[in-house]
Amino acid sequence: IFRDNGWRIAMWAVAALLLLLPLVAMQLSSDVDWDRADFTTFGVMLLIACGTFELTMRITQSHTRRVLIAIAIAALFFLVWLEFAVGILPH
């Protein structure tokens, strides 16, 4: 399977913490107001991004390709997140 599962544990732990961050922020401030749909959307986005990266790690042996694909996944994730949050793309 994987020789080193440390990166997998770290990746999924960071994803879980990112998903919990708005929940904690909602307890501390009234400025953050997420509903079930927001958490579901963000959770699906994290699942797709982390799952795609994990699949990439299984398929690709080249370190350079892994890094480039990881950067592309992160960039696409943040682009979609920004679009959902503030609508940065022209319509």
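This note covers helix α2, the nonpolar core and the aromatic pairs of a predicted model.

1. **Helix α2, length.** Helix α2 covers residues 36-59. At 1.5 Å a residue, its 24 residues should span 34 Å. The end C-alpha atoms are 34 Å apart, which agrees with that expectation.

2. **Helix α2, start.** Look at Asp-35 here. One of its side-chain oxygens comes to within 3.2 Å of the backbone nitrogen of Ala-37. This contact sits at the start of α2.

3. **Helix α2, buried residues.** Which residues of α2 are buried? They are Phe-42, Met-45, Leu-46, Ala-49, Cys-50, Phe-53, Glu-54, Thr-56 and Met-57. Glu-54 and Thr-56 are on that list, alongside Phe-42 and Phe-53. The buried residues of α2 pack against two helices: α1 (6-28) and α3 (63-86).

4. **Nonpolar core.** The largest nonpolar core has 11 residues in all. Its members are Met-11, Ala-15, Phe-42, Met-45, Leu-46, Ala-49, Cys-50, Phe-53, Met-57, Ile-73 and Phe-77. At least two residues of this core come from each of α1, α2 and α3. Helix α2 gives the largest share, 7 residues.

5. **Aromatic pairs, overall.** How many aromatic pairs does a search of the whole structure find? The search finds 8. A pair of aromatic rings is described by the distance of the centres and the angle of the planes. Two of these pairs are taken up below.

6. **Phe-42 and Trp-81.** This aromatic pair is tilted. The rings are 5.1 Å apart, centre to centre, with 40 degrees between the planes. Phe-42 lies in helix α2 and Trp-81 in helix α3, so the pair ties together parts 39 residues apart in sequence. Phe-42 has 3% relative accessibility, so it counts as buried. Trp-81 has a relative accessible area of 31%, so it is partly exposed.

7. **Phe-77 and Phe-78.** This aromatic pair is edge-to-face. The centres are 5.5 Å apart and the planes meet at 85 degrees. Is Phe-77 buried or exposed? At 10% relative accessibility, Phe-77 counts as buried, because the cut-off is under 20%. Phe-78 is partly exposed, with a relative accessible area of 44%.

8. **Aromatic cluster.** Trp-34, Phe-39, Phe-42, Phe-77, Phe-78 and Trp-81 belong to one aromatic cluster. The residues of both pairs above are in this cluster. Phe-42 and Phe-77 are also members of the largest nonpolar core.

Notes. Residues are numbered from 1 along each chain as its sequence is written. This is a predicted model: local features need pLDDT of at least 70, side-chain atom pairs count only at pLDDT 80 or more; totals for chains, interfaces and linings use all residues. Side-chain values use heavy atoms; hydrogens and water are left out. Helices (H or I, at least four residues) and strands (E, at least two) are DSSP runs, numbered from the N terminus. The expected span of a helix is 1.5 Å times one less than its number of residues. Buried means under 20% relative accessible area, exposed over 50%, partly exposed in between (1.4 Å probe, protein chains only). Contact means heavy atoms within 4.5 Å. A polar contact is a pair of N or O atoms within 3.5 Å; within protein, one must be able to donate a hydrogen and the other to accept it, and residues adjacent in sequence count only if both atoms are side-chain atoms. A nonpolar core is a set of buried Ala, Val, Leu, Ile, Met, Phe, Trp, Tyr and Cys residues joined through side-chain atoms within 4.5 Å. Rings of Phe, Tyr and Trp (its six-membered ring) pair if their centres lie within 6.5 Å; planes under 30 degrees apart count as stacked, over 60 as edge-to-face and the rest as tilted.
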